[in-house]
Amino acid sequence: MSRLIVGLSAGLLATGLFGSAGEFVQVPTANNTIVAQANEQTIIQENRALLLQNRQTAKNIATKLGAAVSDEAVPSGSNALQVNQQLILQNRAIFTSIAKKVGATVPNVAAAGSGDLAAENHKLLLGNRQIVRAIAEKLGVKLPDPPQLSGSMVKQNNTLLQGNRNALAAIASKVGTTVAK
């Protein structure tokens, strides 16, 4: 019985470690999954920081232009993606108020849905980008083309948030207000 187990283990080891051409193949491990999840959590937290920074810059712009802004509390909770979605929606309300104040056409953008939170946040962020770009266009602020999106949905959301941060900084400069740090 023990010879059978040793033989079977050796066979499995050989097929797991070597591909058809005899090359070494890395076997996925639980550690790789844990590292990937940790990286995603780090990016989700970075996204929250960008959302808060963009929120404050947008509030500064709104105040400078005299656009109405509600004083909603910063959302909290144990589900980071859910908290980020609430921040995205709060930011959208500020962006929409600024757009209306400057006479920019507010594009018809996606509302929150009930699917995967990272994917839903992505749709919302794409809409927010359209609103911010409409504000910039109305104010005569020249923005570079949006960055290409790649990687996981959480990483793409990070790229969208960085793009909005840069666009809001250009708008803040144009209207003479400060950019949140």
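**Exercises on a five-helix model**

Of the 181 residues of the protein, 36% count as buried. The model is a predicted one.

**Exercise 1.** State how many helices and strands the protein has, and give the order of its elements.

Solution. The count is five helices and zero strands. Read from the N terminus, the order is α-α-α-α-α. For the contacts, take pairs of residues at least 6 apart in sequence: 71% of these join residues at least 24 apart.

**Exercise 2.** Check the span of helix H3 against the value expected from its number of residues, then describe its two ends and its burial.

Solution. Begin with the length. H3 covers residues 80–102, and at 1.5 Å a residue its 23 residues should span 33 Å. The C-alpha atoms at its ends are 33 Å apart, so the two values agree. Next, the start of the helix: a side-chain oxygen of Asn79 comes to within 3.1 Å of the backbone nitrogen of Leu81. After the helix comes Gly103, with a positive phi near 80°. Last, burial: 17 of the 23 residues of H3 are buried, and the helix is mostly covered.

**Exercise 3.** Repeat the length check for helix H5 and describe the residue just after it.

Solution. H5 has 23 residues, for which 33 Å is expected at 1.5 Å a residue. The distance from its first C-alpha to its last is 33 Å, close to that expectation. Just after H5, Gly176 has a positive phi of about 80°.

**Exercise 4.** Identify the residues of the largest nonpolar core that touch the most other members, and the elements that supply this core.

Solution. This core has 23 residues, and those touching the most other members are Ile61, Phe95, Ile98, Ile131, Val132, Ile135 and Ile171. Two or more residues each come from helix H2 (30–65), H3, H4 and helix H5 (153–175). Take Ile135 as an example: leaving out residues up to four places away in sequence, Ile135 touches Phe95, Ile98, Ala99, Val102, Ala104 and Ile171. A second, separate core has nine residues, among them Leu50, Leu124, Leu125 and Leu161.

**Exercise 5.** Determine whether Arg129 is buried or exposed, whether a salt bridge is formed, and which residues are in contact with Arg129.

Solution. First locate the residue: Arg129 lies in helix H4 (residues 117–139). Arg129 is buried. The nearest side chain of opposite charge is that of Asp145, 9.7 Å away. A salt bridge requires a distance within 4 Å, so Arg129 has none. Setting aside neighbours within four places in sequence, the contacts of Arg129 are Pro146, Pro147, Leu160 and Asn164.

How values were computed. Residues numbered from 1 in each chain as written. Predicted model: local features only at pLDDT ≥ 70, side-chain atom pairs only at ≥ 80, totals over all residues. Heavy atoms only, no water. Helix = DSSP H or I, 4+ residues; strand = E, 2+ residues; numbered from the N terminus. Expected span 1.5 Å × (residues − 1). Buried < 20%, exposed > 50% of the residue type's maximum accessible area, 1.4 Å probe, protein only. Polar contact = N/O pair within 3.5 Å; in protein donor to acceptor, adjacent residues only side chain to side chain. Lys, Arg positive; Asp, Glu negative; His and termini not counted. Contact = heavy atoms within 4.5 Å. Core = buried A, V, L, I, M, F, W, Y, C linked by side-chain atoms within 4.5 Å.
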